[in-house]
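Have you got the viewer open? Take a slow walk through this protein with me, starting in the middle and working outwards.

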Amino acid sequence: MEILSYHSAPCCHVTNLRDGDVLKFSNLDHVFSNNHYQNRPSQSSNALKGFRHADLRVFSSYTSYVVDDDESQRSIAKNGERGTKVLIPGLPNDPNGDRGAPITSCFWEWKPKFNVHYEKSGSENVNSPPVLFLPGFGVGSFHYEKQLKDLGRDYRVWAVDFLGQGMSLPSEDPTQSKDAGNSEGETSVWGFGDETEPWANELVYSIDLWRDQVQYFIEEVIKEPVYIVGNSLGGYVALYFAASNPQLVKGVTLLNATPFWGFLPNPIRSPRLARMFPWAGTFPLPGNIRKLTEVVWQKISDPGSIAEVLKQVYADHTTKVDDVFSRIIKTAQHPAAAASLASIMFAPRGQLSFKESLSRCQINNVPICLMYGKEDPWVTPLWGLQVKRQMPEAPYYEISPAGHCPHDEVPEIVNYLLRGWIRNLDSQGSVELPLLETPESVQYYISRDLEFFREGSKRSVKVRFFGSRFSLWNAVSSYIKTRFEDLRINSK
C-alpha cells in the first residue's frame, strides 16, 4: 500500500518495450493447433521458416499470427466479410503464460478528506506511454486488473476510483446529527445526518467532480498527457474530460461508453431551471430522499441483485466474476455507500453533453477509438454506431460475443486492440491499426476471428472493424449475408 500527498508522484525506472512480428501464411491452420507457439515467438518463427508464401513484417508490440488462404483474401479485398483467423497472446499468469506486471494499491490526497484510491503497474517503464483507465458505475480500479497485469508489462498504467465509488469513499461522515449522543450502539449510515461537515459543504458526486478529479490526478500524479480509456460511465467521463482538457490527452478509447449521465439540469448552464429542483445531490440528504434511499439501497445492495446485474452485462456466463462480485459487495457495506449513491443519482448533468464533448474532441483533433461489445443489453451497438457516424474517421471495433464490460470479459481482445491503437498513434500512422494487416486501405469493414488460449483451451471471438465509409446499410447487409452464410453452412 502506498500513500501519496497532493504534490507527490510515483517513482519510475526504465525498461525496454518488446517488438514483434505478424506472420502471414497460406493454409497453415494446423500449425497453431498447439499453444506451444503462443508464448515462444522466436521459436515459432524459426519453426515456420521454409513455408511457402510467407510474408513477414512488423505489426505490434508483441507477436501474433494471421492465417488465411487465397480465396479468403480475395473475398476480404472485395467486401471485408470473410475474415482471416488471427492468433493473439493470452493473458499473463495463465498456464504457460508470462508473469504479469505487479499491481500497487495507492491513495492520493486530492483535498482534505478527499482520498482517491488508485492502482498502478509498469512504473519502471519510464519511456513508455502512460495509460489511464476509468471505471464504470458501481465498480472501481479492480475492474481493470487484467489490463494492469498485462499492459503494465509494456506501459505505465493507472486505474482510478471515482470519488463516491470503489475505495474512494470518504473516511468520515460528511454530516453530523444533533442527537448523535443518543444513537449509541446503533450502526449509523453516513450522510443521513442533520448538518453538513465544513469539508463537505459543496460535495456532490457529479460528472463535473469526476472530470476535475481526473484533471488533477493527471497533473499531480502522472504529470504528463495520457491515453485515457473508459468503460460505461468512465467512457463518458473520459470524453468529457478530453473535451475540457485536450492538452492532457493523447487519445481516448471508449469501451461501451454510456451516452448520457445525470437527470437534473446543470446549475451553470441552466441556472433558472436548476433552481426549480429542491435538492441536487448535496449533503445532508433531505428526509424524503433518505427514506427513498433506504428502500432502494436495500434492494440493489442485496447480493442476489448484484449477481443478477452481473449476469445481465456479461454475454459469456462462463466468465469468472467472483472477485468483481466480492469487491462490489465490500463497497456496498461501507457506511457512506448508500448516501453516495443518492448523491450520484440526483447530481446534475454535466456542462457538456456526450455529443457536445465528442464535437469538441473532434475540433481539437483528439484521437478517438471505439470498442463495443456487441451483446451489451444496456449500451447497445446502436449507440456506438451513432458515435461512429459523428466521427467517421475513428476506428470502430465491434466485439462478439461480449457484453457491457468487454475489457473484463474478453481482456485478451481489448488489450490486443489497445496495444495496436497506441502503437499506431505513437508511430504517427507508420504502424497499421490492429487487424489491418492487408496492404489495401479498408474503407467499409472487415471481419476477423481472433483466437487465443485461456486456461489451456483455445477461444475464438469475432471482431469487426468499421472503416471511414461504413454506414448503417453496410451493417444491415452484412448481417443478412452472415445469416445466409450460417444457414448455408448448417444445412450441409
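What follows is a tour of the cores, two helices, a few buried spots and some backbone oddities.

Some ground rules: this is a predicted model, where local features need pLDDT of at least 70, side-chain atom pairs count only at pLDDT 80 or more, and totals for chains, interfaces and linings use all residues. Residues are numbered from 1 along each chain as its sequence is written, and side-chain values use heavy atoms, with hydrogens and water left out.

Let's begin inside. A nonpolar core is a set of buried Ala, Val, Leu, Ile, Met, Phe, Trp, Tyr and Cys residues joined through side-chain atoms within 4.5 Å. "Buried" means under 20% relative accessible area, "exposed" means over 50%, and "partly exposed" is in between (1.4 Å probe, protein chains only). The largest such core here has 66 residues, and Leu-132, Trp-210, Ile-228 and Ile-368 have the most contacts inside it. Helix α5 (residues 233-244) gives the largest share, nine residues. (Helices, H or I with at least four residues, and strands, E with at least two, are DSSP runs numbered from the N terminus.) There is also a second, separate core of 36 residues, which includes Cys-369, Ile-422, Phe-452 and Val-463.

Zoom in on Trp-210. Leaving out residues up to four places away in sequence, Trp-210 touches eight-odd neighbours you can click on, among them Phe-162, Tyr-205, Leu-233 and Trp-261; contact means heavy atoms within 4.5 Å.

Now for helix α9 (residues 322-332). Here Val-324, Ile-328, Ile-329, Thr-331 and Ala-332 are buried. Why do they line one face of the helix? Seen down the axis of α9, the buried residues fall within an arc of 160 degrees, so they line one face; the arc is that of the directions from the helix axis to the C-beta atoms. The face turned away from that buried side carries the exposed residues Asp-322 and Lys-330. Covering the buried residues of α9 are elements including α7, α8 (303-313) and α10 (337-346).

Helix α11 (residues 354-363) can be read in a similar spirit. Its buried residues are Phe-354, Ser-357, Leu-358 and Cys-361, and they cover an arc of only 100 degrees around the axis, which puts them on the same side of α11. A handy rule helps here: an α-helix has 3.6 residues a turn, so residues three or four places apart point the same way. On the other side of α11, Lys-355 and Ile-363 are exposed. The buried residues of α11 pack against α5, β13 (249-255), β14 (368-373) and α12 (381-390).

Polar residues can be tucked away too. Asn-231 lies in strand β12 (residues 226-231) and counts as buried at 2% relative accessibility. Asp-154 sits in the loop between α3 (145-151) and β9 (156-160), and counts as buried at 1%.

Finally, the backbone. Most residues other than glycine have a negative phi, and most peptide bonds are trans. Look at Phe-283 and Pro-284, though: a cis peptide bond joins them, with omega about 0 degrees. The bond from Ser-400 to Pro-401 is cis as well, with omega near 0 degrees. Lys-113, although not a glycine, has a positive phi of about 75 degrees, and is found in the loop between β6 (104-111) and β7 (114-121).
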